[in-house]
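Hi,

Here is the structure I said I would pass on. Have a look at it first, and then read my notes below.

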Amino acid sequence: MATPVIGISAYAEEARWGREWAMPAVLLPDAYARAVAAAGAVPVVLPPVAGVHAALDRLDGLVLAGGGDVDPARYGAAPHERTGGVLAARDDAELALLEAALAAGTPVLGICRGMQLLNVARGGTLHQHLPDVLGDTAAAAHLERPGVFGDHPVRLDPASRLAALHGATRVTVAAYHHQAVADLGHGLVPAAWADDGTVEALEAPEEPGVLAVQWHPEMRADPVLFRWLAEAAAKRAAERG
């Protein structure tokens, strides 16, 4: 069986490297690519440019990575003062990637922003700033301090695919987010929750190749979700011949 190829959506940010260079760059935290490779697949970085969804014809799986906030206009809301990192080009590119993947039956794993994007793509909405919903103390479990992933427990639906994959109904996860799912998108169901009630994972009962989590499995020694994606991608590759 051929090694599956999995695309990972990337950032477009100003970056510095070497002693001299500072310019716009396509970026992806190394942990994503390493997690995909460790699961037995070939990672391919997908820049947020128009037309990138055409790459789905050559991919067996897709990771929608974390990053800045989704434009609130995408779900009919005005921007909160704390909403930031919105990039129209990334929203456009990832929504097109997601639409193409879902239409083709390509397995999709959404991570953090990726879960939020999936929900928005299906007509759902987001809480733009969790402290407004939970209060500062409870919201701190989701974003403890800038630039540092925190850990908190989540409860998994015993009947979910997620619980079956983990072999547990409670796990500790790495988190870094100030937004979360509000109204659920069409065809999606919650599969995990934080102790404060925040939705931490989404599944699509009619689409077994779609799974999304609010946490960052790539930042901890947690290969379960990437192994699931690699196995689903290998089956997809075999079906396509």
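Let me start with one pair of residues: Ser 9 sits opposite Leu 46, which belongs to strand 4. Before going further, please keep in mind that this is a predicted model.

That pair leads into the sheet. Strand 1 (residues 5-9) runs parallel to strand 4, and five bridges hold the pairing. Both belong to an open sheet of nine strands, and if you walk across it the order is 4-1-5-6-13-12-11-8-9. The pairing in this sheet is mixed. At the edges you'll find strand 4 (42-46) and strand 9 (170-175), each with a partner on one side only. From one strand to the next, the twist averages 25°.

Further along in that order, strand 11 is a good place to stop. With strand 8 (residues 150-156), strand 11 (residues 189-194) pairs antiparallel through three bridges. One match to look up there is Leu 156, whose bridge partner in strand 11 is Ala 192. Strand 11 also pairs with strand 12 (residues 199-203), again in the antiparallel sense, this time over four bridges. Here Val 189 has Glu 203 of strand 12 as its bridge partner. Strand 11 and strand 12 make a hairpin with four residues between the strands, and in that hairpin Gly 197 has a positive phi near 95°.

Now the helices. How do helix 2 and helix 3 cross? The axes of helix 2 (residues 88-104) and helix 3 (residues 113-121) come within 11 Å, and the crossing angle is roughly 70°. Angles of 65 to 115 degrees count as roughly perpendicular, so that is the word for helix 2 against helix 3. On the helix 2 side, the contact is made by Arg 90, Asp 91, Glu 94, Leu 95 and Leu 98, while helix 3 brings Arg 113, Leu 117, Leu 118 and Ala 121. Sorted by class, this contact of helix 2 with helix 3 has five nonpolar and four charged residues, and no polar ones.

Last, the pockets. The largest pocket has a volume of about 370 Å³. Its lining counts 23 residues, and those nearest the centre are Gly 67, Cys 112, Tyr 176, His 177 and His 216. The lining of this largest pocket splits into nine nonpolar, 11 polar and three charged residues.

The second largest pocket comes to about 260 Å³. It is lined by 15 residues, with Gly 105, Pro 107, Pro 208, Gly 209 and Ala 232 nearest its centre. Which helix gives the most to this lining? Helix 7 does, with six residues. Helix 2 turns up here too: helix 2 and helix 7 (224-240) each supply at least two residues of the lining. By class, the lining of the second largest pocket holds seven nonpolar, three polar and five charged residues.

If you want a route through the model, try the sheet, then the two helices, then the pockets.

Cheers

How values were computed. Residues numbered from 1 in each chain as written. Predicted model: local features only at pLDDT ≥ 70, side-chain atom pairs only at ≥ 80, totals over all residues. Heavy atoms only, no water. Axes fitted to C-alpha atoms, helices over the stretch in contact; angles between N-to-C directions. Parallel < 35°, antiparallel > 145°, perpendicular 65-115°, else oblique. Contact = heavy atoms within 4.5 Å. Nonpolar A, V, L, I, M, F, W, Y, C, P; charged D, E, K, R; others polar. 1 Å grid on protein atoms, 1.4 Å probe; cavity = no way out; pocket = protein on both sides within 12 Å on 5 of 7 lines; lining within 4 Å. Points joined across faces, edges and corners; volume = space filled by probe spheres on them. Pairing = 2+ DSSP bridges.
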